[in-house]
There are 2 protein chains.
Amino acid sequence: MTNMSFTNLSDTAIHQALLRHARTANTHSGFHLGSLLTGDRVRGSEIPIGGGMRLNYAANYFNTETLQLLQELARAQQVVSKFVNLTNGAIMNTGENRTVLHHRTRNRQHVDNFYQQQLQRIDKFVAKVHSQEIVGSTNQAFEEVVQIGIGGSHLGPETLYLALSDWAVGAKSPRHMEAKFIANVDPDDAASVITSCNLARTLFAVVSKSGTTDETSANEKIVRAALEAAGLDPAKHIVAVTSETSPMAKSSDYLDSFYIDDSIGGRFSSTSAVGGLLLSLCFGTEVFERLLDGAHEADQLAMRDCITGNAALMKALLDVFSCSYLSYNTLAVLPYNKALRRFPAHLQQLIMESNGKSVNRYGEVIHYPTSPVVLGEEGTNYQHSFGQYIHQGTSKIFVDFIAFAKSQLGDDLEVNGSTNQERLLGNLIAQIVAMAKGSENTVDPNQHFPGGIPSSLIYGEQLNPEALGALLAFYENATTFTGFILNLNSYDQPGVELGKILTKSILNNTSEDPAILALRELFDF
Amino acid sequence: MTNMSFTNLSDTAIHQALLRHARTANTHSGFHLGSLLTGDRVRGSEIPIGGGMRLNYAANYFNTETLQLLQELARAQQVVSKFVNLTNGAIMNTGENRTVLHHRTRNRQHVDNFYQQQLQRIDKFVAKVHSQEIVGSTNQAFEEVVQIGIGGSHLGPETLYLALSDWAVGAKSPRHMEAKFIANVDPDDAASVITSCNLARTLFAVVSKSGTTDETSANEKIVRAALEAAGLDPAKHIVAVTSETSPMAKSSDYLDSFYIDDSIGGRFSSTSAVGGLLLSLCFGTEVFERLLDGAHEADQLAMRDCITGNAALMKALLDVFSCSYLSYNTLAVLPYNKALRRFPAHLQQLIMESNGKSVNRYGEVIHYPTSPVVLGEEGTNYQHSFGQYIHQGTSKIFVDFIAFAKSQLGDDLEVNGSTNQERLLGNLIAQIVAMAKGSENTVDPNQHFPGGIPSSLIYGEQLNPEALGALLAFYENATTFTGFILNLNSYDQPGVELGKILTKSILNNTSEDPAILALRELFDF
């Protein structure tokens, strides 16, 4: 493996040059985004992502000098060689002394790796469920799967499930089972899902790496009680996805168990058994494998050591330039695609939990902005919601647009001279250009659009399993690269610990903090 | 009416004092949030909102001097008297020369006002649908209602529908019909909803004030084509919610039409016919009227001219103090409540579209931060997603917590010594205190929680129709008050116009902008 050195962004040789360079952005002496966005620049700013997806980065702040500086930054921070080391098993989650191996979940050539073995076990299990060799405790076939999990065990799998639901219909690919999710400890979450299910035909998948996630454990017990109350045997209706060392592992309480390990972080676990079991049950293992192949292709492309040939690296560098140098502290993720409506929520976790940190890889305080805040809604809907803010608000937002040339279902109609797909793409392109170029109005400031709002376009022909896998891996890899550039450990989440400790002290009645006691009084609790 | 003067925040007499005061926040010489959060402060920081809801503002930055300064600011900007004038019909949407009358939609004492007349018409129509006096074109009863609308015609109604769905089950209140929504021009949006419906039993409500919203008009035509293809008469399956001057009004193309007017802004329209028809069809008019009564009570309480007695005013002032003086530019809305899962999306529109502006009421450029960026997810889920960022990220986020003592369905189980409702509230309280107080760790910065993160708690006994109406009105009124304090017109959205113009030029093929043409090439469009 390449020797690695870890340096704060602010201590790199290139940092001062980037700060100086950033001061020229959007000035006439430097580079003005609206003027730079030419047709040639659009055509010349393309990088393949994998799975048929592409990044077009034309509408970001950059000129030739920017790209030179960012390439130097990537070399200085050894971004690609650290990534190669990571995939080869270097301990990159240094604080927790763990390797980071989610890429192996989609490297299907390595048939003998642990994750591929689990995938083969899932394939066999799913085949038996679909063939009704495995049925519920009253011998009825399983029609629904309910995933019980929170955070990474919920957001990624839910996002991917919704992303493929209409695709399967449009592509006439089987939809074997429907999926539902129980995540929250709000008792109404479990109660409403349980009520909506025909329990005799429902398979539950409890997903927790540690096997001790409080919310998941509580919801599992509620589900067990409901199954028993319905005269069903919970051990024949619940499978586990956990680590081999967890209290849930190899227990006769479960119909079967599938494994991950400490090298798979929750927010990076969608392509492991955490997402794989659910997606295979719903769409078939072959569809999940197509998703894995798209992700693997994106992983391979992310190893290119040249920023104009590596989409995830270019994205990470441009994002760091926007956040840490141009003071854009909010990223709006805007999929012009109904099926990706939960993708912004997944990226909120992936990006904000990975890089929303104020200390470096060694736990030392750093003094530069790290992750942006992430929000998002589907387009065109957001245009009628917070679109006003992006164009004319006082906080600086940069944007990711995600779009596809074709819809998933293919049903459309020409209305008033355009199909809805044309209308969707017309709105998308109008937003990219309106944000970049703005529109000057010296008479009425209310109708003045300053422009200069940078955006990236991530696009493909159609949202199919390969495209989805590549899209997911692209963002995972860009997040990893951003962490390397910023010198963070992107794989821990120490910020959640204090809340856990206080919650425990409240539920155990051991807290005597007067504020806590007074807040409990408000709820008679 | 009181005479009104309009002054930029930065030109008020109190502005410099607030700037100086803000500099003392979170310092030992000034006020430190963690130290201030005592039991007595929690008990003493309560204001009724209406509908049984309360605001507890204890965990915000303030001391006695802050409240004095903010009270002076409220007087200087004539916040309450402007609000009274607004409800009395002053032209407060000055740029568009319109009154702002959404409060009259919930003032049921005024039986002869236009909006109450529409409500009475809705009541009669809904009764006929429920009694099957009005049926579909093949004489089958209506079981589903699909609202076709975008922005304010979608987000508010969808949010309220989801908020009451489990409540109706738990309260054994009738659920007459199910609701679905078509908003996006993504062709898969209309296609998937249409496929999921039994069209012979489906009523569509097309909602557009102008009657010319491009997305809504296109989706309506797609629905008409689908009804015709199914051998049904669209005129017997579609109702309109629009203004009396729109092309949709009084047309025989619709089964019936219900009206709003230019005094009802889209994002403030949930309590008008825009939300009223849908919610009455689903839950009964009497449930919608309970929601209106909760909203009306909140409106009445918002007229109190004293910040410690007016929850919406206190919220607006503390938010402005956080955003414009303490540099918190992001608001995380965290409902510890599954049923409110879409409420953050509604507030994104309400707050960011109303106050996400850089010019004042007269269209003059201003030089202070206006609206925060708004994001949110349900708790406890967000704790496993972007919770890390709030506690330890580099961007300053302030928080609204929303919670209820009781769940809606009432099904719960004690697991490991606690019910899930207790677990939910325990996590909530832990987050409030962890954010405010943090936890010092001088040895390991990775385990250091700086704290000092301000939050508001909006809470009640249970999320029922009155509580929901009050919650909605509370945020609407706080948004209005914030606009008055910042000297904005909160009722227009000029920032959406440029995108509309460019979209039209693309769909008409009249744009020759080389960037637009090159972007079209990417999609073969």
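**Exercise 1. A bridge between the chains**

Which side chain meets that of B:Arg43 in a salt bridge? Determine also how many salt bridges are counted between the two chains.

*Solution.* Step 1. The model is predicted, and the partner to be found lies in chain A: the side chain of A:Glu521 meets that of B:Arg43 in a salt bridge. Step 2. The N to O distance in this pair is 3.1 Å, and the rule accepts a pair within 4 Å, so the contact qualifies. Step 3. Between chain B and chain A the count is 10 salt bridges. Step 4. Helix 15 of chain B, residues 420–437, supplies the largest share of the side that touches chain A, namely 16 residues. Step 5. By residue class, that side of chain B comprises 56 nonpolar, 50 polar and 25 charged residues.

**Exercise 2. The extent of the interface**

Determine how many residues are in contact across the interface and what area the chains bury between them.

*Solution.* Step 1. In chain B, 131 residues are in contact with 132 residues of chain A. Step 2. The two chains bury about 10900 Å² between them, and carbon and sulfur atoms account for 62% of this area. Step 3. On the side of chain B, the residues that lose the most area to chain A are B:His384, B:Gln388 and B:Phe523, together 7% of what that side buries. Step 4. Polar contacts are counted as well: 56 residue pairs across the interface satisfy the rule, both residues being at pLDDT 80 or more.

**Exercise 3. The relation of the copies**

Establish what turn and shift lay chain B on chain A, and why the copies meet through the same surface.

*Solution.* Step 1. A turn of 180 degrees, with a shift of 0.0 Å along the axis, lays chain B on chain A with an RMSD of 0.0 Å. Step 2. This is therefore the relation of a two-fold axis. Step 3. Within chain B, the C-alpha nearest the axis belongs to B:Leu375, 3.0 Å from it. Step 4. Because 100% of the interface residues of chain B are also interface residues in chain A, the copies meet through the same surface.

**Exercise 4. A link within chain A**

Identify the residue that forms a salt bridge with A:Arg290, and state which helices the pair links.

*Solution.* Step 1. The partner is A:Glu466, with the closest N and O atoms 2.7 Å apart. Step 2. A:Arg290 lies in helix 11 (residues 285–301) and A:Glu466 in helix 16 (residues 465–486) of chain A. Step 3. The two residues are 176 residues apart, and the pair links distant parts of the chain. Step 4. Over all chains, the count comes to 54 salt bridges.

**Exercise 5. Backbone features and confidence**

Locate the cis peptide bond of chain A and state the phi of A:Asn487. Then report the confidence of the prediction.

*Solution.* Step 1. The bond from A:Gly379 to A:Thr380 is cis, with omega near 10 degrees. Step 2. A:Thr380 is placed in the loop between strand 9 (373–376) and helix 14 (387–392) of chain A. Step 3. In chain B, a cis peptide bond joins B:Gly379 and B:Thr380, with omega about 10 degrees. Step 4. A:Asn487, although not a glycine, has a positive phi of about 65 degrees; this residue is found in the loop between helix 16 and helix 17 (497–507) of chain A. Step 5. The predictor gives the complex an ipTM of 0.97 and a pTM of 0.98, while chain A has a mean pLDDT of 96, with 99% of its residues at 70 or more.

Technical notes. Residues are numbered from 1 along each chain as its sequence is written. Chains are lettered from A and ligands numbered from 1 in the order in which they are written. Side-chain values use heavy atoms; hydrogens and water are left out. Contact means heavy atoms within 4.5 Å. Buried area is the accessible area (1.4 Å probe) that two parts lose on being put together, summed over both. A polar contact is a pair of N or O atoms within 3.5 Å; within protein, one must be able to donate a hydrogen and the other to accept it, and residues adjacent in sequence count only if both atoms are side-chain atoms. Helices (H or I, at least four residues) and strands (E, at least two) are DSSP runs, numbered from the N terminus. Ala, Val, Leu, Ile, Met, Phe, Trp, Tyr, Cys and Pro count as nonpolar, Asp, Glu, Lys and Arg as charged, and the others, Gly among them, as polar. pLDDT is the predictor's confidence in each residue, from 0 to 100. Copies are superposed by least squares on the C-alpha atoms of residues with pLDDT of at least 70 in both.
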